[in-house]
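Trainee: I'd like a close look at one part of this model, with the charged pairs and the core around it. Could you walk me through it?

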Amino acid sequence: LGLEAAAQPAWVLARRELLEEALANLLANALRYTPAGGRVTVTVAVDGNSASLSVCDSGPGIPPDELGRATQRFFRASNSQGSGSGLGLAIVASIAKRHQGRFDLLQASGEGGLCARITLARR
């Protein structure tokens, strides 16, 4: 588990407990699906008037043709293993939307897994 933080403050106007819940969901997913010896990296970045929080992993990811549905309630990727309700990413998307932000799911470059990113306006 690694952390890459922005050199400058990434202050956003948001409810702290909701952002904590979003981060907890993203970390739980990344840690659950990343195999032993894999990598999970949390990144906080600032880009102009926005700040982002990303959790990227070296797990199996989500098949590209399923990424568009991955934030729907009760969705579980065809390659997912183990138990789960399929609500974690839907909750994160809802939290981002509530804060007028964006939630993006991408293939993790170089890691081979998933990169989940919340982007919010800076305060």
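Trainee: Where do Arg16 and Glu20 lie, and how many residues apart are they?

Mentor: Keep in mind that this is a predicted model. Both residues sit in helix H1, and they are four residues apart, about one turn of the helix. Their side chains form a salt bridge, with the closest N and O atoms 3.1 Å apart. As for surroundings, Arg16 is exposed, at 64% relative accessibility, while Glu20 comes out as partly exposed at 45%.

There's another pair to look at here, Arg15 with Glu17. That is also a salt bridge, and its closest N and O atoms are 2.4 Å apart. Arg15 counts as partly exposed, at 41% relative accessibility, and Glu17 is partly exposed with a relative accessible area of 41%.

Now turn to what H1 gives to the interior. Helix H1 spans 16–33 and is among the elements that give two or more residues to the largest nonpolar core. That core has 23 residues, and its largest share, five residues, comes from H1. The other elements giving two or more are strand E2 (40–47), strand E3 (50–57), helix H2 (88–98), strand E4 (102–107) and strand E5 (114–121). The members that touch the most other members are Leu26, Val55, Ile62, Leu89, Phe103, Leu105 and Ile118. In soluble globular proteins, nonpolar side chains tend to be buried together.

Val55 is a handy place to see how the pieces meet. Leaving aside neighbours within four places in sequence, Val55 is in contact with Leu23, Leu26, Leu27 and Ala30, among others. Its contacts also include Val40, Thr41 and Val42, and further along the chain Leu114, Cys115 and Ala116. So if you click on one residue to get a feel for the core, try Val55, one of those touching the most other members.

Back to charges, this time on the strands. The side chains of Arg117 and Asp104 meet in a salt bridge at 3.7 Å, N to O. Arg117 lies in strand E5 and Asp104 in strand E4, so this pair ties together parts that are 13 residues apart in sequence. Arg117 counts as partly exposed, at 24% relative accessibility. Arg102 comes into the picture too: salt bridges that share partners join Arg102, Asp104 and Arg117 into one network. Across the whole structure, the search finds four salt bridges.

Terms used: Residues numbered from 1 in each chain as written. Predicted model: local features only at pLDDT ≥ 70, side-chain atom pairs only at ≥ 80, totals over all residues. Heavy atoms only, no water. Core = buried A, V, L, I, M, F, W, Y, C linked by side-chain atoms within 4.5 Å. Buried < 20%, exposed > 50% of the residue type's maximum accessible area, 1.4 Å probe, protein only. Contact = heavy atoms within 4.5 Å.
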